[in-house]
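Let's take a walk through a protein chain together, one stop at a time. Keep the structure open beside you and find each residue as it comes up.

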Amino acid sequence: MKLRNVMIPAAACVALCAIAAPVKRNVVDEVAWIVGDEPIFRSEIEDQYAQMRSERTPIVGDPYCVIPERIAVEKLYLHQAKIDTVEAPEGQVQSSVDKRMGDFINGLGSREKVEEYFRKPFAQLREQLLEMMRNNYIIEQVQNNLTKDVKATPNDVRKYFSTLAEDSIPYVPMQVEAQIISINPVIPAQEIEDVKARLRDYADRVNRGESEFSTLAIMYSEDGSAMQGGELGYQPRSAWVPEFANVAFNLNDPKKVSRIVETEYGYHIIQLIDKRGDQVNVRHIILTPKVSEKDLKEATVRLDSLRKEIVAGKFPFEEAARFVSQDKDTKNNKGIMVNQMSGSPRFEMQDLPPEVARRIELMQPGDISEAFIMKDTKRNKDIVAIVKLTNRVPGHKANLSDDYNMIKQMYEAQHKNEILKEWVEKKIKDTYVKIADGWQNCDFQYDGWIK
């Protein structure tokens, strides 16, 4: 297959829409497009269009032009990925799918309601999500490879900003910058022993042949992999924290269960499924000791005392963060919170953890909140924190002084899209494409589809 390509959030949209309706292909199904040696069926287009309508997803242009073109571009990216041997990390993909499936259940109420909403069995829905997320990851990697050399100098950014029409300069909503100190409440030894006792019981039941590990994982494990019987998929050693990886990679008997493994996420037992080269596939059951109300209260009192000392000027917030905070992401960074989506210390309010946003909304720059309880969603546990509002930037039209990083990202995004559009159109010229009669009268985004 010869090829062609682009930066397509569009492909991700099409792929997501595809999960909700079964694709009905049969011998009389119409082939609308052929890209290389891969067909695009009318039923595939119709299913995605129906789902986009049901979800009120806006489509700019004729859907019978927009949707097949997006699918065709996606095929070009995926073919290029095969040439470049780009693969998705299975563990990361499975974790993302587990989270998405959990969100579906939480939003709709039960597995049965999820199946009813999507009109397909839970396992089939998961498989389609896996394929979608693999493809999205692979496409993103191909795009990153194509645009990796795009770097903006300050002069580039200034020139770009000077060319923007007044109505093209974006409005920046109010943003804040904040610092945080958080601590993990002490968990009683008895709670930890109870968790370990439960795990030892599960391991004994499996080792004696009384229970299947996967069944116990579905019933008792406290992370998203429970839905897959605790299975984590083939992973390299680097995919896991060292404590977990060291045990997983030393397992040799699939019928036996590991010792209890402690990590920052909780306590695990592990069962080997298979080894393949430098990757291993295992199941695990994870339990997380729960923090009592008494321990949360004690941690809250401790941080409130620390806050009073900071406010009294005994030491700065930054020093307290370095020596007291147990948040690995911020303690060595003066407690500064960083927006993971932008890499900037600025947050719009909706991008902050909700517990932090509720405090900051009522604060002025320089204020330090009283201690509060918040959820560490990454590790599924309650922690106690105080936050300092260091800056509040009112909503405004973007300018180079306040919003240089955002404008730089705008420039780089435009430059990357230009590179990808040019690359796609070049690939179109080198790829066999046939568009059936009745599907050609379109104002396509990319030139060259119709020879």
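Our starting point is a hairpin made of β10 and β11, with four residues between the strands, where Asn 380 has a positive phi near 55 degrees. Keep in mind as you look that this is a predicted model. How do the two strands run? Strand β10 (residues 372–376) and strand β11 (residues 381–393) are antiparallel, and five bridges join them. To see one place where they face each other, find Met 374, which stands opposite Ile 383 in β11.

From there, look for another strand, β4 (residues 175–183), which is where you will find Gln 175. Is Gln 175 buried or exposed? Its relative accessible area is 13%, and because buried means under 20%, Gln 175 counts as buried. The neighbours it touches, leaving aside residues up to four places away in sequence, are Arg 346, Phe 347, Glu 348, Asn 391, Arg 392, Val 393 and Asp 403. Gln 175 also shows how a chain can fold back on itself: Asp 351 is 176 residues away from it in sequence, yet the two C-alpha atoms are 9.8 Å apart in space.

Now let's visit the nonpolar interior. The largest nonpolar core has 45 residues, and the ones that touch the most other members are Trp 33, Tyr 77 and Trp 449. Many elements feed this core: those giving two or more residues are β1 (31–35), α2 (42–54), α3, α4 (90–108), α5 (111–118), α6 (122–147), α14 (400–429) and β13. Apart from this core lies another one, of 17 residues, including Phe 347, Met 349, Ile 360 and Met 363. You have already met Phe 347, as one of the residues that Gln 175 touches.

Trp 33 deserves a longer look. Not counting residues up to four places away in sequence, Trp 33 touches a long list of residues, among them Pro 39, Ile 40, Pro 68, Ala 72, Val 433, Ile 435 and Trp 439. Ring pairs also link Trp 33 with Phe 444 and Trp 449 into a cluster.

That brings us to the aromatic rings, of which the whole structure holds eleven pairs. One of them joins Tyr 64 and Trp 439: the ring centres are 6.0 Å apart and the planes meet at 65 degrees, so the pair is edge-to-face. Tyr 64 lies in helix α3 (residues 63–83) and Trp 439 in the segment after β13 (433–435), so this pair links parts of the chain 375 residues apart. Their surroundings are worth checking too: Tyr 64 is partly exposed, at 26% relative accessible area, while Trp 439 is buried, at 5%.

Right beside Tyr 64 in the sequence comes Cys 65, which is part of a disulfide with Cys 442, the sulfur atoms being 1.9 Å apart. How many disulfides does the whole structure have? The search finds one. The link of Cys 65 and Cys 442 is left-handed, with -75 degrees about the S-S bond. Cys 65 is in helix α3 and Cys 442 in the segment after β13, so the disulfide ties together parts 377 residues apart in sequence. Cys 65 itself is buried, with a relative accessible area of 7%.

Two last stops show charges and rings together. The charged end of Arg 53 sits over the ring of Tyr 49, 4.4 Å from the ring centre. For Arg 111, the charged end sits over the ring of Phe 122, at 4.1 Å from the centre.

Definitions and conventions. Residues numbered from 1 in each chain as written. Predicted model: local features only at pLDDT ≥ 70, side-chain atom pairs only at ≥ 80, totals over all residues. Heavy atoms only, no water. Phe/Tyr/Trp six-rings, centres within 6.5 Å; stacked < 30°, edge-to-face > 60°. Buried < 20%, exposed > 50% of the residue type's maximum accessible area, 1.4 Å probe, protein only. Lys NZ or Arg CZ within 6 Å of the ring centre and 35° of its normal. Pairing = 2+ DSSP bridges. Core = buried A, V, L, I, M, F, W, Y, C linked by side-chain atoms within 4.5 Å. Contact = heavy atoms within 4.5 Å. Disulfide = S-S within 2.5 Å.
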